[in-house]
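Subject: Handing over the structure

Dear colleague,

I am passing on the structure we talked about, and below it you will find my notes on what was found. Please read them with the structure open beside you.

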Number of protein chains: 2
Amino acid sequence: MPGTETTRPLSSSIGDYLKAIWTIAGTGSASTKEVSGHLSVAPASVTNMLGRLQEMGLVRYERYRGASLTGRGREEALRLVRRHRLIESFLLGHLGYSWQEVHDEAERLEHAVSDEFTERLAELLGHPAHDPHGDPIPAADGTLEPDDSLPLGEAGVGGRVRISKVSDESTPVLDYLGERGLVPGRLLTVREVRSLDGVVTVEDEGGETHALGEPLARAVFVREEAAG
Amino acid sequence: MPGTETTRPLSSSIGDYLKAIWTIAGTGSASTKEVSGHLSVAPASVTNMLGRLQEMGLVRYERYRGASLTGRGREEALRLVRRHRLIESFLLGHLGYSWQEVHDEAERLEHAVSDEFTERLAELLGHPAHDPHGDPIPAADGTLEPDDSLPLGEAGVGGRVRISKVSDESTPVLDYLGERGLVPGRLLTVREVRSLDGVVTVEDEGGETHALGEPLARAVFVREEAAG
DNA sequence: ACAAAAATTTAGGTCTAGCTAATAATGAGT
DNA sequence: ACTCATTATTAGCTAGACCTAAATTTTTGT
Ligand SMILES: [Mn+2]
Ligand SMILES: [Mn+2]
Ligand SMILES: [Mn+2]
Ligand SMILES: [Mn+2]
């Protein structure tokens, strides 16, 4: 009876690799170096793991060419992303975590909770569509809302924009933005985008002006707002 | 500068061994066989792990004589037990898990949550003193309420007793007891304790009579109730 | 077209946590 | 005191997931 092999749960390392590839490349392909940097794991270790993931049918991998997710790999990555984002929402909404603290805890818990737990948690939270950073939460069936938001630096000068999400990659960046109220939902007017150094100047609803250097500006994503 | 070695977190295997020894032997000593049975790990593997735990200063271990927890070992075991029981309470009270389902989920989550998470969860739950099975929850400082309850089989015939806890070791046992309402808080009258086969017969508040064989009777713990 | 730089892979480890099979110690019963 | 069943330990292996150093491939800049 082929196809009946009992598929025991994937390790948390494997899950993190799949998530990393998904984050870096989405449907495209991620290089050894990129994955290595993302996970803080030596390049040699990444090479080795990509080989294993390929054996398992989770990625397509070509030596020296990088790896891309197969259907199964992507499915698993999105399952984890769903868990991660629901857990973040819970930590923030029910346990009083600060906006900045949630990520690390979710990074561990995502591997320990069951599907049962995840769906009951989603229920408790009222099936939110976005996590606290503004990232969309994949549906239980693996569907993910297409993301039409753009980096702040690409917004048109003079336009009114609403922050749709903030990158959760760097804690210091998150801290800085959080302290100044530059969080999802906030309405901004773009005053200047200086191509010379990438500094973007915005004005918030309170009339406060913020000059954001490239690394900060790249962490803020917005949607154009109907002129008001 | 001695004593400054950064102590990285203990693995979940290590935690489960410490908990097992604590459960089996409390302050006394647990044999290789007992630990092996408790964790479903081969005896040879247990021997090996007990050696490592000894190296780490978590147990005292004498070849062929079994192992007992050191102060640090006991501390770590209780930290996990606290987490486990708080998580069980949460799953039952907030996520709608059934009384029987909670154990396995808690067994994994206990290793993934931080101290931060644990204490915030305790707060959310209102610092409960007991978990859903009636087991006392160790305090954050490592204190544990002494347990004065006795197995149902040792209660005096004719006496009124209240169920204080139910062993969470076996799911079928838990199912059986749960279905019949034999849960913590329930008031019972002991009708017969037959030493011949260990069967204990009790009558519940609704007048229902239950004859419990030894394995079931050993899973039910009670406290004598002031005669009423 | 080619040399140097950058990225990647291979080779050869380590550590954890398990396993089986073989051997040895312990302790109960005669 | 001895024998044998039980319990435990040792020896030798495996797999996962990492590492460093050395070799190789790819890419880039001239
Ligand atoms: Mn993770
Ligand atoms: Mn997030
Ligand atoms: Mn556990
Ligand atoms: Mn319990």
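**Metal sites and salt bridges**

In chain A, the manganese ion (ligand 2) has as its protein donors A:Glu88 (OE), A:Asp131 (OD), A:His133 (ND1) and A:Asp168 (OD), which lie 2.3 to 2.6 Å from the ion. Please keep in mind while reading that this is a predicted model. Along the sequence, the donor residues of ligand 2 follow the spacing E-x42-D-x1-H-x34-D. Two of these donors link distant parts of the chain, since A:His133 sits in the loop between α6 (115–125) and β3 (150–151) of chain A, while A:Asp168 sits in the loop between β4 (160–166) and α7 (171–179) of chain A, 35 residues apart. Both A:His133 and A:Asp168 are buried.

Another manganese ion (ligand 1) has its protein donors at 2.1 to 2.5 Å, and these are A:Asp16 (OD), A:Glu107 (O), A:Glu107 (OE), A:Glu110 (OE) and A:His111 (NE2). You will notice that A:Glu107 appears with O as well as OE in that list. The sequence spacing of the donor residues of ligand 1 is D-x90-E-x2-E-H. As for how accessible these residues are, A:Glu110 is buried, with a relative accessible area of 0%, whereas A:Glu107 counts as partly exposed at 24% relative accessibility.

In chain B, the manganese ion (ligand 3) is coordinated at 2.0 to 2.5 Å by B:Asp16 (OD), B:Glu107 (O), B:Glu107 (OE), B:Glu110 (OE) and B:His111 (NE2). Its donors are spaced D-x90-E-x2-E-H along the chain. Because B:Asp16 belongs to helix α1 of chain B and B:His111 to the loop between α5 and α6 of chain B, this pair ties together parts that are 95 residues apart in sequence. B:His111 itself is partly exposed, with a relative accessible area of 27%.

Turning to the charged side chains, the structure holds 41 salt bridges over all chains, and I describe some from chain B here. B:Glu107, a donor to ligand 3, also forms a salt bridge with B:Lys19, in which the closest N and O atoms are 2.9 Å apart. Since B:Lys19 lies in helix α1 (residues 12–25) of chain B and B:Glu107 in helix α5 (residues 102–109) of chain B, the pair ties together parts that are 88 residues apart in sequence. B:Lys19 counts as buried because its relative accessibility is 10%, while B:Glu107, at 23%, counts as partly exposed.

B:Arg223 and B:Asp148 also meet in a salt bridge through their side chains, at 2.7 Å from N to O. B:Arg223 lies in strand β8 (residues 220–224) of chain B and B:Asp148 in the loop between α6 (115–125) and β3 (150–151) of chain B, so this pair ties together parts that are 75 residues apart in sequence. B:Arg223 is partly exposed, with a relative accessible area of 32%, and B:Asp148 counts as exposed at 52% relative accessibility.

The salt bridge between the side chains of B:Glu214 and B:Arg218 (3.3 Å, N to O) lies within one element, for both residues belong to helix α8 (residues 214–219) of chain B, four residues apart, or about one turn of the helix. B:Glu214 counts as partly exposed at 41% relative accessibility, and B:Arg218 is exposed at 51%.

Lastly, a network of salt bridges links B:Arg85, B:Asp131, B:Asp135, B:Asp147 and B:Lys165.

With best wishes

Technical notes. Residues numbered from 1 in each chain as written. Chains lettered and ligands numbered in written order. Predicted model: local features only at pLDDT ≥ 70, side-chain atom pairs only at ≥ 80, totals over all residues. Heavy atoms only, no water. Salt bridge = Lys/Arg side-chain N within 4 Å of Asp/Glu carboxyl O. Helix = DSSP H or I, 4+ residues; strand = E, 2+ residues; numbered from the N terminus. Buried < 20%, exposed > 50% of the residue type's maximum accessible area, 1.4 Å probe, protein only. Donors = N, O, S within 2.8 Å, 3.2 Å for Na, K, Ca; no water.
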